[in-house]
Amino acid sequence: MYVIAHGGAGSAIEDPEPRQAVLDEAVAAGRDEQTPLDAVVETVRVLESSPRFNAGVGGSVQSDGVVRTDAGVMTSDRRVGAASSMPGVEHASEVARLVLEETPHVCLSGVHAVDLADAYDVAVDADLWSERTREQWADEEPPARDDIRAQLEWLRDDFGGAPEGDSSGDGTESTDGSDAHHESDTVGAVATDGETVAALTSTGGRWRALAGRVGDVPQVGSGFFCTHAGGASATGAGEDIVRVTLARRAVDHLELGRDAQSAAELAIEEFEDITESSAGVVVMDAEGRAGSAFNSDAMQTGRHASEDTE
Ligand SMILES: NC(=O)C[C@H](N)C(=O)O
């Protein structure tokens, strides 16, 4: 099994090694699986359990003080499953797989997605707060939950640009080496056994987004996409990623004959030209050749590829 994983596009961090170790461990877990779908879920599960990433435990906090998780997965036979806005769900990746495998639909949201998870014994009462998100949220002064207009006033300036991780401009960085606002560490993976391919992305979204906000991650073609040619997982400013359907763009370039690296690079170039925002994407073709590109300061990846086309 070939696997590539990412830990989000965002600011450069001072101490990338501990996060790299988790990414490498995640890829190693995925490599042992029997199918690409199992491989991407296993890879992402490891990342969702680590508070170093903005997915599962340690996810971004929305404007009402609740952490909600999103994920989307697609296989090369064009099966799709996505789930969004789930409080208490550490492994959004598993709920996305449930939607793909157990339902006739492609996306479920909110309490209904949580109910599906519960019905299939996926844990739904996890504490998704980490030490870091607790500390950061304690510094926030959000308006009352039911005053939506005041909340929008409070958060509006954080959006319309890239999640560089330091939306306050105070340049702070947390002790475990992730960005201060902890929103650029979305995770994702693409895997292939040389026959079929799967791509999966999972996130806590963006810091202090309006409660109920859903970004690119559970939207097919935006945060994730996969065909027989290969798959892609995107990360970055979700509001901008959806405008260009970034993951689909990268896979389209594979379909048109580019290698994984130039498909990733071209997709990011086009993304930047259109949006002037920042993002990253990892790509793997059906033979397990990997590529990645980003226009943020950094994006960490882990990979076990047949070849790096970089
Ligand atoms: N850091 C990220 O990748 C955030 C994610 N794309 C979102 O907008 O929800």
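Helix H8 (residues 246-255) is largely enclosed by the rest of the structure, because 7 of its 10 residues are buried. A residue counts as buried if 20 or more other C-beta atoms, placed from the backbone, lie within 10 Å of its own. Helices (H or I, at least four residues) and strands (E, at least two) are DSSP runs, numbered from the N terminus. The model is predicted: local features need pLDDT of at least 70, side-chain atom pairs count only at pLDDT 80 or more, and totals for chains, interfaces and linings use all residues. Residues are numbered from 1 along each chain as its sequence is written.

The buried residues of H8 are Leu246, Ala247, Arg249, Ala250, Val251, His253 and Leu254. They pack against strands E7, E8 and E9 and against helices H7 and H9 (260-275); such contacts require C-beta atoms, placed from the backbone, within 7 Å. Just after H8, Gly257 takes a positive phi of about 105°.

The strands that H8 meets belong to an open sheet of 5 strands, in the order E7-E8-E9-E10-E12, with mixed pairing. Two strands pair if DSSP finds at least two bridges between them. Strand E7 (224-227) and strand E12 (307-308) stand at the edges with a single partner strand each, so one side of each is left without a neighbour in the sheet. H8 packs on this sheet by touching E7, E8 (230-236) and E9 (279-285), and its direction makes about 145° with that of E8; axes are lines fitted to C-alpha atoms, for helices over the stretch in contact, and angles run from 0 to 180 degrees between N-to-C directions. At the other edge, 2 bridges join E12 to E10 (residues 289-294), and these two strands run parallel. Ala290 stands opposite Asp308 in E12.

Attention now turns to the nonpolar interior. A nonpolar core is a set of buried Ala, Val, Leu, Ile, Met, Phe, Trp, Tyr and Cys residues joined through C-beta atoms within 7 Å. The largest has 81 residues, of which Val40, Val95, Val281 and Val283 touch the most other members. Its largest share, 7 residues, comes from helix H2 (residues 36-49). Among the residues that Val281 touches are Leu246, Ala247 and Ala250. A second, separate core of 5 residues includes Val57, Val61, Val67 and Leu128.

Finally, 16 residues surround the ligand, the closest being Thr186, Gly205, Gly215, Thr235 and Gly238; a residue is near the ligand if its C-beta atom, placed from the backbone, lies within 6 Å of it. E8 and helix H7 (238-244) each supply at least two residues of this shell.

Definitions and conventions
Two residues are in contact if their C-beta atoms, placed from the backbone, lie within 7 Å. A residue is buried if 20 or more other C-beta atoms lie within 10 Å of its own, exposed if 12 or fewer, and partly exposed in between; C-beta atoms are placed from the backbone. Lists of a residue's contacts leave out its neighbours within four places in sequence.
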